Structures are given as structure tokens and as C-alpha cells.
Protein chains: 2
Amino acid sequence: MDISIIVIGDELLIGQVTDTNSGWIARHINPIGWNVKSIKVIGDNETEILKAIEECFAQTDLVLTTGGLGPTKDDITKEAMRKYFGGKMIFDAEVEKNVLEVVNKRHLKINDLTAAQAYVPSSCRVIQNLVGTAPIMWFEHNAKVLVAMPGVPFETEQMMEKEVLPQLIKHFCSNEYIEHRTFIVVDYSESALAIKLEKFENDIPEYIHLAYLPRPGIIRLRLTGRSTDKAKLKADMDYLSHQLHDILNNCIISYEDKPVSAILGDLLRAKQLTVSTAESCTGGNIAHEITEIAGSSDYFMGSVVSYSNNVKQSVLGVSSEALENEGAVSRTVVEQMCNGAAKLMGTQCCISTSGIAGPGGGSAEKPVGTVWICAKCGDKTVSERYHFPGTRDRVIDRASMTGLLMLIKLLRDQ
Amino acid sequence: MDISIIVIGDELLIGQVTDTNSGWIARHINPIGWNVKSIKVIGDNETEILKAIEECFAQTDLVLTTGGLGPTKDDITKEAMRKYFGGKMIFDAEVEKNVLEVVNKRHLKINDLTAAQAYVPSSCRVIQNLVGTAPIMWFEHNAKVLVAMPGVPFETEQMMEKEVLPQLIKHFCSNEYIEHRTFIVVDYSESALAIKLEKFENDIPEYIHLAYLPRPGIIRLRLTGRSTDKAKLKADMDYLSHQLHDILNNCIISYEDKPVSAILGDLLRAKQLTVSTAESCTGGNIAHEITEIAGSSDYFMGSVVSYSNNVKQSVLGVSSEALENEGAVSRTVVEQMCNGAAKLMGTQCCISTSGIAGPGGGSAEKPVGTVWICAKCGDKTVSERYHFPGTRDRVIDRASMTGLLMLIKLLRDQ
């Protein structure tokens, strides 16, 4: 079954807020075997809302909306829904009771605006919002369904999971199954990978689809299959996964979709190793990426960001000879940084970087984007000179990703 | 003028990737005085692409698309555009030359798929993509314009800024002048600020608009004026800016829209001071934010990310008594971290953090989201306990922003 999503809010059209609701809904609708056919982002504008509902019902039987249910003047979704589905605004004592409970839990007082949340169109069935004051509204119209949910991601996520999704499944009970498999691939450009997989791709059954999702330094490959025959789907997906494994082998660093820093974390935890970083041009971004993963304190001990040469010498023990003779952006310095941090932090593994992120500071010999990166595990050390194109942000991002991947490779080769 | 955006890619409809292009475009289209009327997110599907173009042209004269221009089989935007605008696929030697340059810069080799990027619909005018291999295509149709751009955010952002936006402005050339003034305000909630500015807002001329753009910890206030009378526009904007300055005074930390870490950098440079950080729960993110600013090596010396208690003791000199008696998340520890890092790095200023980013590790006394933050400048030190709601990412973000703002206030009060 196809569904449509309408995301409502002026703040989205001026780029002030990035919509994450539609992605969340898509990720949770997908495993049921439903497809998001389209997502429309529109402003808090009655004409636009009515037009969007009309267009969505023309192509799908289920429409989910988020946003525009707040208590302030600019939120008009509820009234627009009433216009579309008919009926009048009525006071709902159950909603008022729920709003009072939510407001009390937050130690707030109810005001006129919040109290008005208890008025809902008579044409809807209310699903009580247990984590916010805006009631969720279920409308039916010619065997089609629209569910209007709040714009606050936390509220929509909680209520989708607890109430809306189970009720939708009950209502539409699907007989199709969907399966995804994601593979994170390194050492290939997108086009080189496509050439490598040409024969494999030609042999994929029609009902399974292969997508390439490149990111700097990695490509995520995604197989998606949909079928009413669950057993056949699983068997075919297993077969294709094994084939991919055989063709790409060592270049697949994960059989699950997760951040590269989490893949590194899994390896470190499995091998009971600890890691630190010594960062110059990446300025702490590698440590930041490692610590974005919950539970990283199991294997991450700490980091020294040695931006100045003084700190490289005094804290990490980089030699003044190396700094003078070869410069801060050199193999010797990046290796000394790596060894220094591992010793200081008492870790077996370490990643270090020294480079010129730009826009200033480049020379003919070492242009902006030149970065030396070193990865170390026990007595094994690799270091490499890279040149990353692009802006300062991008050089920092690419160097960070490359450092993480260098250590992953070192750990996998052991 | 109204514009429409079409975002193309299967990965968006299954929620694997979050669209940031439309928000970026909206933020950059807005200052010209153009409005985003709607954003459509659709899959890599020809029928859907053709239908979306039709619908968008029905309501706006300019349509911008992103995505679906990659070299692999799943990307079909180019062929869909050719169907809509007519013509045939032709080889473009200039595009091939550009693709070769881009591929060479990345030290990659060209292959058949990348080479195929040089084929473009004869109905388009190409804008060379200087940072990627997918050519940008400019189509015109009954005085309406569609520009097809890549899905990779970096490529679209770079090329929009350098080429597409200037060419669009030239094409649709307005005779109106637009001026923006942005003020970064601290110490107010959005509603408290709105109450403070009520009289000011009532007196703003009709053709000038005031927007509140809240971010965690700060509110950006933006005045936007549009007029054919350039001199009057400037005079009115100057007058309003002075008024805002008088009303909010010390709570305005910047009269330009820039990252908070850049505002801190300006202050440090002006006062010829240097800074370091000592980070536990923020994991290097404050150092990362400081070093995202070009030229930050003038005032940023380095950082210690002391994730483990061992590193807090051995590198930063935190006392075992404080760790044992008060715990790592305490005023004494965060102050010792701050003093330790400033001494180690030889800086006058320092920011330190110690807290529980979650999801694990919380207790009744110190729940997830509890963070102690300390800022120091010379012999002046402030430290404060905070509780930030939300997920791990959000706690890290809020704690980083709060640390930067604490040091900014300390420097401004001197």
C-alpha cells in the first residue's frame, strides 16, 4: 500500500527547521510493507492544506499529516481539516481531561490557548495525545483515512509507535512483506562499484531493487524487496546478500546501516581494545564522532587536540627536530602525535591528524587540503598523506572519516 | 516571487537520508525576497517526476530540483527531464572536460559510467558542476525556469552559491532592493523577547518585517526590508537597528549572523587572549565548533577530551578526592578540569564540561542531561549545573552552546 505524508509549517519553508517527521514515519511504515509515495511540505495556509489533501487522496488511501496543531494563531490545520471533512467544532471533555493531565505533569498552568485544544471537529475520532496537548485526529472519507498528528517530533514519534501505527495496521491489514538489507562498502567509487556489480545487478529478480547511497569515503548499498511470499523473499534476500558478500568481501565493513564511528566501536568492543585520538586539523571532530555513539565510554578514553605546536610538544611529546625539519604537517609528526596520545591516555589504539584545513595556511608544497593521518593499534602503525578537496568543513569531515576508516581496516586485518 | 522545490530520491522516501537541500535552498532564497511555496519529496520514478514538474509549474515560475543525477542505474532524473522538455541526449565536450578535471582532482580514474555524465538533453543549458561529476541543467519552458541540481548537499550548496543563485537573480531581475540585519540575542526566551519588543514591533514600517529565529540558547532576530527606494530603506533599517541596540543593549552578542564560536573568536582576538577546552560529556564538540572557524589557530591552542576518570587525573590533574567524594559530574571536578587544561595548554581562557549525555548512566540525583559547565578567564571562574532535556545529541549540542556562551559573557563583562 502507498501512503502520502503532508508536513505542515511555515518554519519548514524558510528552512528554519528541518523536517525529520517524514523520515521517521517512512522508516517505521516501511517494515509493514507500506511505501511512502510522496512527501509534501507546505505552509500554514488553508488553501494549500486543502489542495494537498485533495492531491494526496487522489493517489493514496492513507494520508498522514504532521504540524499546525499548536495552540497559537498561526496554527490552522485543525480548522482546515474541519472544512475538508465537514462537521463543526465541538467541545470534547475527554480531550480536556487529557490536556489537563499533560499540563499538570509539566508543572504548568492551563491558559486560554491550551484550553482551546479541547475543541475538535465533530467529523473526527480523537486519539488522545499522551505526551502533548494537541489531540491526534483520525478522519475517514470514502474508505480513505487521514490522521493528523502534531509537528513536535517527540510527540509524533511516541504516539505513532504506541497508538497510530497499531490502529492503522489493524485498519488496513497488509498482506505484503518488505525487507531491507544495507551494506557499507569502502574502497570503491560509486561508478567503479556499479561496474563491479553489473552482472550481479542484471540477475536481481524484478521485485528486488538495489540502491547506491554514497557518502564521502563510503557507499551504502541497499537491497529492498517486497512480496506477499515471505519465505521466498527472505530466501532471495539471503542469496543476494551472500553473493554481495562473495563479490565485495573485505570491502564490506558493515552488514547494517550505522555510523562509521559505531562500526569502529563494535570492533574495539569485540577485541576489548581502547582508543584515543590526537587531533590537529580535525580539531576534536574525530573524538566528537566517536562519542556521539552511546556507550562509547566503554572503549574511548580521551583525546588531545593539539592545535598549537607548543601543545604538540609539551603534551604529546612531539620532537622539536621533527617540527623544525619536516613541519607540523608531516609523517614523523603525525606518527609522534599518535604514539604520544596512546601513551598519555593508556590506549592500544589511536588516530592522529595533522593538516591544512584552509582556507589559509597552504603552500605550493603543502596546499590547503593536505592532511597526514596516522592510525595505530598495538605495534602496528599506518600513516598516509591525503589531499581532500573542498571547503574547510569538508576537509575536516573527510579527514575525520578517513581516520576512522584507517583504524577500522587496521583492526580488520589483524 | 514564489518558487517550488522538488527533492528526488528513493532513499528519502524510506527515511534513510534526511533532506537538508530544501532547507538550505529556502534559507538562501529568502534573503532575495523569494518564497518557497512548496517542497515535494518524490522517488526515483519517471511518472512521479513528470507529474511533480507539471504541478509545480502550475503554481510557480521557478522550480528547483535536487537529486537523481548520479551515474548509476537508479538515477533517472536526467532522462525524465529530457522527456518533459524535449530534445535528445547529446554528447557535450565541455561537460566531459569538466568531469575529467573533477575526477583527476580526486585522483580517480574515469570509467564508462562517469563518462556517461557528459551526455545531456539538447533542451538544456549546462552549468558546469565544479565540485562533482553531475552537470547542472537549466531548462526554460513558456517563460518558466527549472534548474536540476545534484542530491549531494555539498555540490548543490557550492554550486547554488557560486553559479545558480547569481544566474537566477539575473534572469528574474527584480528592481527591488532587499536588506537584512541580524542580531544575536541571549538571556531571553522567545515569548519574553516578544513582550519586550511589543512597542518596537508596532512601530515598524509595513514594508519591513521582523522575524524571530530561535536556536537553543540564542534567538536570532532578523529585520528584512524590501523597497525600490534604496536610500529610504537604508535609513529606516539604520534607525530600527539603533532602536534595537538601545532596547536590548547587553543582550545582543552580535550584529551579524555568525556562529557563536565565531563571536567568541572575535572577542578573544580583540582582547588578545587564547583559549583551550577540557571536555568530558561534550567529547570534543566544543573544540570542533571553535576550530570550524577559519583562523581559529590564532587563539585556540588545544583541548583535552578526558572521557575516562584516569585521563581527568593523569592529564588534567583532577584530584582523586574530588572524584571519589563528589563524583566526576560535580562543580569541583569541572573547575579542576578547567584550571588543569588552561595550565597544560598555557591559555588564559578555558571551557570545561562534565555530565551525563545518556541514554545510560543517569541516577535519581544526577539524571541523564545533568551537565556541569565551567568557564574561566584569568582569575575569574564561573561554573554552573544545568539540566538539558532530550537525546544524547541534543544534550551534547546544548552543553557545547552553553559553554561557549558562558565564556562570551565572562569576556564581555570584563
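## A four-strand sheet and the A–B contact

In this predicted model, chain B holds an open sheet of four strands in the order E10-E11-E9-E12, with antiparallel pairing. Strand E10 (208–215) and strand E12 (252–254) of chain B form the edges, each pairing on one side only. From one strand to the next, the twist averages 35°.

Two bridges link strand E9 (residues 177–185) of chain B to E12(B), in the antiparallel sense. Opposite Ser254(B) in E12(B) stands Ile184(B). Helix H10 (residues 230–248) of chain B lies across E9, E10, E11 and E12 of chain B, and its direction makes an angle of about 10° with E9(B).

The elements named here have these residue ranges in chain B:

| Element | Residues |
|---|---|
| Strand E9(B) | 177–185 |
| Strand E10(B) | 208–215 |
| Strand E11(B) | 218–227 |
| Strand E12(B) | 252–254 |
| Helix H10(B) | 230–248 |

The second topic is the contact between the chains. Chain B contributes 65 residues to this contact and chain A contributes 62 residues. On the side of chain B that touches chain A, strand E14 (residues 300–306) of chain B gives the most, with seven residues. By class, that side of chain B has 27 nonpolar, 25 polar and 13 charged residues.

Strand pairing also crosses between the chains. Strand E14 (residues 300–306) of chain A is joined to E14(B) by five bridges, and the two strands run antiparallel. Within this pairing, Val304(A) has Val304(B) as its bridge partner in E14(B). In general, strands of a sheet pair through backbone hydrogen bonds, either parallel or antiparallel.

How values were computed
Residues numbered from 1 in each chain as written. Chains lettered and ligands numbered in written order. Predicted model: local features only at pLDDT ≥ 70, side-chain atom pairs only at ≥ 80, totals over all residues. Contact = placed C-beta atoms within 7 Å. Nonpolar A, V, L, I, M, F, W, Y, C, P; charged D, E, K, R; others polar. Pairing = 2+ DSSP bridges. Axes fitted to C-alpha atoms, helices over the stretch in contact; angles between N-to-C directions.
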